[in-house]
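Hi,

Here's the structure I promised to pass on to you. Have it open while you read, and click on the residues as they come up.

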Amino acid sequence: MAMVLQANDAREWCYRGEGAVNLVLAYSGEHPDFVGKVLRVQKVPRNGSQRENGHPGLTELECLVWKEFKELVSAPTKEMAEYCFVEHVMCSLLGSKNIDAGIHIPVTREFLETVDNNVLCQRPSWRVDAAMVNPLCDSVLLISDHSLFPRGALKKDLCISVEIKPKCGFLPLSEFIASENSIKRSVTRFKMHQALKLHQGKISEISAYDPLDLFSGSSDRVHKAIEGLFKTPQNNFRVFLNGSLILGGLGGNADATSCEVGETFENALKCVIQDVDGQRTQCFLDLVSKTIFSSGLLNKVLEVQKLDNADIEGAIHAYYNVISQPCVVCNKRSAEDQLSERYSSLHSISKDESMKIVRNYLIAATAKDLSMMISFRPREDGSVESPYSMVSLESTNQSFDYKAYFIDLDLKPLERMEYYYKLDQQIVGCYVQMVKSTQQLSHIE
């Protein structure tokens with residue numbers, strides 16, 4: 001595609017949402033190359049230095065960690081490194097059928113600056129304070145808009161899509177988890193992180209969602225998970241109708257689904273779900289649950305997540321081996337600590353073994369933070385054979401084509417390992433303190 005996006009092209013790209021790393025823009029114009037597409041535009045922290053063009057995709061140490069993947073190591077820019085990571089690492093693990101690596105298209109600085117200005121008022125204020133569009137990037141990633149079917153924006157086909165961020169679907173069993181953090185083996189990371197977010201004022205209530213239900217392989221528990229996500233979407237559940245958001249937050253957390261929001265959503269489903277008022281939402285949740293359960297989409301995700309078999313409490317020691325620095329964690333623990341011998345064993349392994357532990361941790365971190373987009377469109381009676389999978393909704397006697405893609409497959413920077421360790425300790429510490437406080441209150445009563 002021999003085209004460079006200029007400043008005057010920015011008006012045709014509207015804000016769809018954002019994560020920690022990228023801004024997502026949906027196309028609203030009529031150019032055939034862009035209809036049904038979205039852009040992923042890299043952000044940069046406001047309090048950090050902007051990255052110059054031509055900066056290597058990976059640092060020297062990252063090149064060591066990822067040396068098995070030649071295309072990734074030789075990527076000339078961070079954008080190309082991200083692309084190569086998806087294409088050559090995640091596709092091989094999750095399967096290319098459900099991943100859209102996209103293509104890079106060149107942009108001018110004026111395009112990026114205009115985009116940043118255009119979407120400013122639509123972004124959550126805390127996102128605006130934290131980061132801006134990186135004006136020094138020379139390309140952006142163009143991928144299909146998976147909230148639509150191909151050419152859906154032109155043909156006006158009905159399409160309803162759900163975006164789910166599943167999070168970590170297992171409890172860690174690592175021998176390197178300290179005794180004071182043993183609660184990690186019985187309480188999910190998601191649940192503990194909810195306590196910290198509530199304490200920090202980032203959420204107004206604890207989520208009703210449990211990732212273990214979604215990954216359980218039980219149809220009843222998968223349905224329970226989807227109902228929990230609908231009740232408290234936060235940033236884990238969004239629904240689009242013909243590409244327009246009808247449930248959930250644009251760039252951040254959504255409050256619990258109120259009666260008013262629920263009624264609006266129920267009405268929006270009229271054109272898709274053929275049932276009486278008051279029943280359509282339940283039918284839609286049934287449709288999503290059945291699709292996730294029957295497709296086995298999350299089985300591979302769980303396998304990739306479980307590449308992290310050392311937990312961050314083990315992987316952090318391997319990280320210090322990789323960067324050839326004294327282990328800060330070991331320096332803070334007593335020599336008589338019962339885990340000190342196990343930690344010492346980690347520091348005696350080879351550099352290649354250390355790099356494998358760190359590499360697997362970073363891949364697993366991507367799998368724990370990805371999103372899944374599932375799109376449905378009603379299949380008409382007598383319709384021609386479809387290239388898509390089909391799912392039936394018995395309660396309404398309807399059949400739907402569906403397609404599913406994994407998105408937000410961001411390459412995690414090696415330098416984030418220390419941050420991941422500190423966050424883990426903060427999450428567990430906050431939850432343990434909350435449990436103690438609750439127990440003390442119950443004794444008083």
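Below is what turned up, going from helix pairs to helix faces to single residues.

One thing before we start: this is a predicted model.

**Two pairs of helices**

Two packed helices are described by the angle between their axes and the distance between the axes. Start with helix H9 (residues 219–231) and helix H11 (residues 280–295). Their axes are 9 Å apart, and the packing angle is about 130 degrees. That makes H9 oblique to H11. The crossing of H9 past H11 is right-handed.

Which residues make this contact? On the H9 side you'll find Ser219, Val222, His223, Ile226, Glu227 and Phe230; on the H11 side they meet Thr281, Gln282, Leu285, Asp286, Val288, Ser289, Ile292 and Phe293. Sorted by character, the residues of this contact between H9 and H11 are seven nonpolar, five polar and two charged.

Now try helix H13 (residues 311–322) with helix H16 (351–369). H13 and H16 pack at about 135 degrees, and their axes are 8 Å apart. That makes H13 oblique to H16. Here the crossing is left-handed.

From H13, the contact takes in Asp311, Ile312, Ala315, Ala318, Tyr319, Asn321 and Val322, and these meet Lys351, Ser354, Met355, Ile357, Val358 and Tyr361 of H16. Split up by character, the contact of H13 with H16 has nine nonpolar residues, two polar and two charged.

**Helices with a buried face**

Next, helix H12 (residues 297–305). Its buried residues are Leu297, Leu298, Val301, Leu302, Val304 and Gln305. Look down the axis of H12 and these buried residues fall within an arc of 160 degrees, so they line one face of the helix. What sits on the other side of H12? There, Asn299 and Glu303 are exposed.

And what covers the buried residues of H12? The cover includes helix H3 (78–94), helix H8 (211–214), H11, H16, strand E10 (371–378) and strand E12 (398–407). You've already met H11 and H16 in the two pairs above.

Helix H4 (residues 109–118) can be read the same way. Its buried residues are Phe111, Leu112, Val115 and Asp116. Seen down the axis of H4, they fall within an arc of 130 degrees, so they too line one face of their helix. Strands are what they pack against: E1 (13–18), E2 (22–27), E3 (37–45), E5 (131–133) and E6 (139–144).

**Single residues worth a click**

Phe85 is in helix H3. Is Phe85 buried or exposed? Its relative accessible area is 0%, so Phe85 counts as buried. Leaving out residues up to four places away in sequence, Phe85 touches Trp66, Leu72, Met90, Ile363, Thr366, Leu409, Asp410 and Leu411. Take Leu411 from that list: Phe85 and Leu411 are 326 residues apart along the chain, yet their C-alpha atoms are separated by 6.5 Å.

Gly102 sits in the loop between H3 and strand E4 (103–106). Gly102 is buried as well, with a relative accessible area of 14%. Apart from residues up to four places away in sequence, Gly102 touches Tyr83, Leu141, Leu142 and Ile143. From Gly102 to Tyr83 is 19 residues along the chain and 7.9 Å between C-alpha atoms.

For a contrast, go to Arg221 in helix H9. At a relative accessible area of 36%, Arg221 is partly exposed. Setting aside its neighbours within four places in sequence, Arg221 is in contact with Leu212, Asp213, Leu214 and Ser216. Arg221 and Leu370 are 149 residues apart in sequence, and their C-alpha atoms are 21 Å apart in space.

**Two backbone oddities**

Most residues other than glycine have a negative phi, and most peptide bonds are trans. So have a look at Gln234, where phi is positive, near 45 degrees. Gln234 lies in the loop between H9 and strand E8 (237–241), and with a relative accessible area of 5% it is buried.

Asp311 is another non-glycine residue with a positive phi, about 65 degrees. Asp311 lies in H13 and counts as buried at 7% relative accessibility. You've seen Asp311 before: it is one of the H13 residues that meet H16.

Happy clicking!

Terms used. Residues numbered from 1 in each chain as written. Predicted model: local features only at pLDDT ≥ 70, side-chain atom pairs only at ≥ 80, totals over all residues. Heavy atoms only, no water. Axes fitted to C-alpha atoms, helices over the stretch in contact; angles between N-to-C directions. Helix = DSSP H or I, 4+ residues; strand = E, 2+ residues; numbered from the N terminus. Parallel < 35°, antiparallel > 145°, perpendicular 65-115°, else oblique. Left-handed = near helix turned anticlockwise from the far one by under 90°. Contact = heavy atoms within 4.5 Å. Nonpolar A, V, L, I, M, F, W, Y, C, P; charged D, E, K, R; others polar. Buried < 20%, exposed > 50% of the residue type's maximum accessible area, 1.4 Å probe, protein only. Arc of directions from axis to C-beta.
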